[in-house]
Amino acid sequence: MRRGIVAAAMVALLVAACKPYIPDLPPSMIPEPAAADVETVVFLVGDAGHAIEERYPVMSVLRGDVEAWSRQLRGDTSVVVLYLGDIVYPDGMSAADEAGYARDSLVVQAQANVVAGPAARERGWAFFMAGNHDWGNARNTEGVARLQELERFLDRRRANGLRVRLLPEAGEPGPAVLDIGTRLTILLYDTAWWLLASDAARKARMFSQTEDALRRSRGRVVLFAAHHPWRSASPHGGNVGLWKAFGLRYLLNRSGAILQDLNSIPYRELTRSLERSFRVYPPLVFAGGHDHSLQVIQTEGEAEPRFAIVSGSASKVSDVGHIAGMRYRLAAPGYGKLYIRRDGHVDFIMVAAPDKDQLSCDGTGDALRECMTRAMASFRPRFGMRLQ
Amino acid sequence: MRLLRCALLAAALLCPGRAAAQDDGFRVLPAAAGGVLGIMGGGYVALSIIVAEARAGKYIHDFDDVFGWRSLPAIAGASLGTGLGIYSPERLRRAVIMGFAGFGGGAMAGYVIGRLVWREPEGRWAGAAIGAGAGLAIGYVLGALTASGDDDITGSSGTSAPVLIRISVP
């Protein structure tokens, strides 16, 4: 009996010893800037592929926020929503004659509706970037066909007055370069293309176009946006418990065997090549989703973006650990807001629920309404800092 | 648990119903232990195959892709371990010991080779994973083949009777 207790205590000690240390981060908050001081607001939302409007409170909160800022700002494209990939889970947009089409349409429509308010129709744009799930994790033409379905769906919505668009276009790697206002340049990429359909000639062209765009953008705020993040302290970035799945997940990650992890050889090749491009003019922010959490990481490398932001928790939530330079982390549904101010400063605020319990609501009728109201009320700015 | 039940069921179906009646009671435990250890060993061999494939440029997309046909080595390991437990506990014991030794030796050798062959930090992990899987498989097979075989069930054991293993399938 006593030996059993001692053995159990030793096992518990071993497990506790192997648990990674996660330090507390100092709180950081800034007030939301006055509308008169803001030229452009960019909303960063990722991995909304399950988010049906009626059940995912984050979509309603986002829609209200986009409409409110669209009402306050002047200018044709003063409010930009960037969907950071994985628009439709699990295998991208189904064709109109496939069984999943009705459900997939609801999911994409919920995201398009974020710019459906009267003011957002005038001043807002929503740009959708492809993620690996939008490719159906399928290579080459099979994956591109899924993207073309999504592109056609969005084109039809645009024809009906919603300002929504898939960028880069289906099967194109990017960069799609958007000069917004007098201060901001956004470069959009399909990083899933790199992993699933790349070829040497187009890779080279992608980097030369990136360097051209960066050269032209000197003096402007440059925002890189893609599905895969620059860095992450969630599972795709290597934050995997040693004991998860008997250690198999941990070993697969450490050995770089999972294509969608940030340390796989192809993704590592992408970030190394981008680092060469960043020597021309490093971007201020690299925003990505892919991992289902909210993170702000300040980098220190010369050829790195100054901030790596992860916003991928619109419809899934996963754990988040610690990484060097981390300024904020939260495993809860939410989104980021980047304010390009008229005085040249750039502010960032993360809006989120307190925890993952507010991700979605079940039930019907009054129970569903009550759950949605309660969950929506729990969203508020949780982190804020001046990036520049 | 479901996988374990399936593996035990598969092993029970695959193993000839002629296991000797002489020591049924003694062999249920080795069979169960062989099944569990077989799943673990087979699972690890599956992992090392996945890692080797990734080094050759053929990746899995996500951890969920591990399940499905890629988990066949785990099923095969369970069947082999259960069968060996019934047929010859001595061979199973030796296979497990040599499998562990092969696992450790392979991991260490693979770590060193991986570090030399691949420059990125994942290389040494990949080398260790591949080496451990290969070492485990080789050690296991050698152990099973080189054991004394004194307690093997042979064709001359006389009467045959089925081994009674109760498996509840939901």
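The exercises below work through a predicted model, each with its solution in steps.

Residues are numbered from 1 along each chain as its sequence is written, while chains are lettered from A and ligands numbered from 1 in the order in which they are written. Because the model is predicted, local features need pLDDT of at least 70 and side-chain atom pairs count only at pLDDT 80 or more, whereas totals for chains, interfaces and linings use all residues.

**Exercise 1.** Describe the overall build of chain A, beginning with its secondary structure.

Step one: chain A has 10 helices and 14 strands, where helices (H or I, at least four residues) and strands (E, at least two) are DSSP runs numbered from the N terminus. Step two: the radius of gyration of chain A is 21 Å, close to the 21 Å that the globule rule gives for 388 residues, so the chain is as compact as a globular protein of that length; the radius is taken over C-alpha atoms, and the rule is 2.2 Å times the number of residues to the power 0.38. Step three: of the 388 residues of chain A, 51% count as buried, a residue being buried if 20 or more other C-beta atoms, placed from the backbone, lie within 10 Å of its own, exposed if 12 or fewer, and partly exposed in between.

**Exercise 2.** Determine how α2(A) and α10(A) are arranged and which residues make their contact.

Step one: the axes of α2 (residues 57-72) and α10 (residues 365-377) of chain A come within 9 Å and cross at roughly 55°; axes are lines fitted to C-alpha atoms, for helices over the stretch in contact, and angles run from 0 to 180 degrees between N-to-C directions. Step two: that angle makes α2(A) oblique to α10(A), since angles under 35 degrees count as roughly parallel, over 145 as roughly antiparallel, 65 to 115 as roughly perpendicular and the rest as oblique. Step three: α2(A) contributes A:P57, A:S60 and A:V61 to the contact, and α10(A) contributes A:M372, A:A375 and A:M376, with contact meaning that C-beta atoms, placed from the backbone, lie within 7 Å.

**Exercise 3.** Work out how α4(B) lies against α5(B).

Step one: the axes of α4 (residues 89-117) and α5 (residues 122-146) of chain B come within 5 Å and cross at roughly 155°. Step two: these two helices, α4(B) and α5(B), are therefore roughly antiparallel to each other.

**Exercise 4.** State how many residues each chain gives to the contact between chains A and B, and where those of chain B come from.

Step one: the contact takes 16 residues from chain B and 16 residues from chain A. Step two: on the side of chain B that touches chain A, α2 (24-55) and α5 of chain B each supply at least two residues, and the largest share, five residues, comes from α2(B).

**Exercise 5.** Locate the cis peptide bonds at A:P90 and A:P175, and the positive phi values of A:N137 and A:H290.

Step one: the bond from A:Y89 to A:P90 is cis, with omega near -5°, and A:P90 is in the loop between β2 (79-83) and α3 (101-112) of chain A. Step two: another cis bond joins A:G174 and A:P175, with omega about 5°, and A:P175 is in the loop between β4 (164-166) and β5 (176-180) of chain A. Step three: A:N137, although not a glycine, has a positive phi of about 50°, and A:N137 is buried, with 23 other C-beta atoms within 10 Å. Step four: phi of A:H290 is near 75°, and A:H290 counts as buried with 30 C-beta neighbours inside 10 Å.

Note on methods:
Contact = placed C-beta atoms within 7 Å.
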